[in-house]
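Biologist: I would like to go through this model with you, from the overall fold down to single residues. Please reason briefly and end each answer on what was asked for.

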Amino acid sequence: LTTVYTKNHDQLDTSHENKSSTHRDHDRFVKEVWAINYFRIQLIIKILIAIFAALLFFDIAFDKYPVLFSIHLSAIGCSLLYWGMTALAKKRGFNDSIYWQMAFVLSYCFLMVTAFGFTALFYYIKDLIIYLLPVFAVGLFILLSPKHSFIFFATTHSIFVLTSIFGTTDTYLMVKNIVNSTIAVILVLVFMRLTFQMKQHEFEQRIIIEERTAELETINQRLHELATTDELTDLPNRRVFIQSLEQEMERAHRYKHPFSVMFLDLDNFKHINDTLGHSAGDAALRHFASALKGSLRDSDMPGRMGGEEFGIILPNTDLKNGALLAERLRQNIEKSTVLYQGKKITFTASIGVAAYSEEISNIDELLRKVDEALYEAKAEGRNCIVQKA
């Protein structure tokens, strides 16, 4: 029963995570779509303001169609009003609100379609293009879901049809306008559905690419950690330690800065593995590595050389100060205790310290000097430090 419960619980957790991820992706898609719509409507407003400003100039200059002046003036006035609303929204800080964007886009589209529809019916009875232009403009530039696009055009077109029925005396012209406009609206709805689906598909593919990229980055990060970090102690491995030592030697040679190197070897560590098991030895090594990191400066560079041997690079540290640090570290190790399965594990360390000098021509000489200091410390009875100039 416990196994079944755990399995079902894990499945529920996975299902919940998938639903949460899907919900987040949906919210992100909706925000992205309305941000696009909001930007496009702002662009359309600016274009229409320029167009109507030019038309007003011709109305005033030529005074050929007096009735158009009021139409063009009201159109530019409404567009300027919406332009001012965008500036106010930006100033008040809710320019990025999805609800504001939705209200702004839909209200302007509704105003544009219905206003041009009334203009077509009452001023250009035989010219249906005046109504169809904003219908196709909305269909081309606005990304509405199939449900929202149907609701929008069902509302605006119903107003147009009702106005045609009650505002047109010519029955033939009325039927012709209704049929032609309905066909046009249906075509626009089909186009909007296809456009929205294409945008949705593009977004889904982008999400897949982002997820794959994130997975690859995680894998690469893990591979980098495996290649540079000792898995047991979480310290840099030997290869990284040697590379860091080479870089420190180059800096010391260039800027004449002192630095020291320390090698530590845990005494009689084989006894812990033989008597308590390798898992106890691993616990001791993890505890030692954690204590080691906590005892060093931020600039110091520890690393696991292999087995129970560790190295530490001490930048800007001469031999005397390196030896003092080594002695303090030796005492801390001697006092430390690891509790493993109710048993206390204690251990000591032999430490060798050497300092870089200009007489050292390569890294092998420095490593050999530190190794000699460590071997001497072990030969002298362990749990002590030996320094070599």
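Biologist: Among contacts in the protein between residues at least 6 apart in sequence, what share joins residues at least 24 apart?

Modeller: The model is predicted, so the figure is computed from predicted coordinates. Contacts between residues under 6 apart are set aside here. Of the contacts that remain, the share joining residues at least 24 apart is 70%.

Biologist: How many helices and strands does the protein have, and what is its radius of gyration?

Modeller: There are eleven helices and seven strands. For 389 residues the globule rule gives 21 Å, and the protein is well over that, so it is more spread out than a compact globule. The C-alpha trace spans about 115 × 65 × 30 Å along the principal axes. The radius of gyration is 39 Å.

Biologist: What part of the exposed area do carbon and sulfur atoms supply?

Modeller: Of the 389 residues, 40% count as buried. The protein exposes about 23,000 Å² in total. The part supplied by carbon and sulfur is 60%.

Biologist: How far apart do the centres of the positive and negative side chains lie?

Modeller: The two sets hold 40 positive and 43 negative side chains. Taking the centre of each set, the separation is 6 Å.

Biologist: Within what arc do the buried residues of α8 fall, seen down its axis?

Modeller: Helix α8 covers residues 269-276, and its buried residues are Phe269, Ile272 and Asn273. An α-helix has 3.6 residues a turn, so residues three or four places apart point the same way. The buried residues of α8 line one face of the helix, since the arc they fall within is 95 degrees.

Biologist: Which exposed residues does the face of α8 turned away from its buried side carry?

Modeller: The cover over the buried residues of α8 includes β1 (259-266), α9 (278-295) and β5 (343-345). The face turned away from that buried side carries Lys270, His271 and Asp274.

Biologist: What phi does Asp234 take, and is the residue buried or exposed?

Modeller: Most residues other than glycine have a negative phi. Asp234, in the loop between α6 (171-228) and α7 (238-255), has a positive phi of about 65 degrees although it is not a glycine. Its relative accessibility is 52%, and the cut-off is over 50%, so Asp234 counts as exposed.

Biologist: Where is Asn383, and what is its relative accessible area?

Modeller: Asn383 sits in the loop between α11 (363-379) and β7 (385-388). Its phi is also positive, near 55 degrees. Buried would need under 20%, so Asn383 is partly exposed, at 22%.

Biologist: Is Leu296 buried or exposed, and which residues does Leu296 touch?

Modeller: Leu296 lies in the loop between α9 and β2 (301-306), and at 12% relative accessibility it counts as buried. Its C-alpha is 8.8 Å from that of Leu329, 33 residues apart in sequence. Not counting residues up to four places away in sequence, Leu296 touches Pro302, Ile312 and Leu325.

Biologist: What separates the C-alpha atoms of Ile129 and Gly117?

Modeller: Ile129 lies in helix α4 (residues 129-141) and is partly exposed, with a relative accessible area of 41%. Gly117 is twelve residues apart from Ile129 along the chain. Their C-alpha atoms are separated by 9.5 Å.

Definitions and conventions. Residues are numbered from 1 along each chain as its sequence is written. This is a predicted model: local features need pLDDT of at least 70, side-chain atom pairs count only at pLDDT 80 or more; totals for chains, interfaces and linings use all residues. Side-chain values use heavy atoms; hydrogens and water are left out. Helices (H or I, at least four residues) and strands (E, at least two) are DSSP runs, numbered from the N terminus. The radius of gyration is taken over C-alpha atoms; the globule rule is 2.2 Å times the number of residues to the power 0.38. Buried means under 20% relative accessible area, exposed over 50%, partly exposed in between (1.4 Å probe, protein chains only). Contact means heavy atoms within 4.5 Å. Accessible areas come from the Shrake-Rupley method with a 1.4 Å probe; for residues, only the protein chains shown count as cover. Lys and Arg count as positive and Asp and Glu as negative; His and the chain ends are not counted. The place of a charge is taken as NZ of Lys, CZ of Arg, CG of Asp or CD of Glu. The arc is that of the directions from the helix axis to the C-beta atoms.
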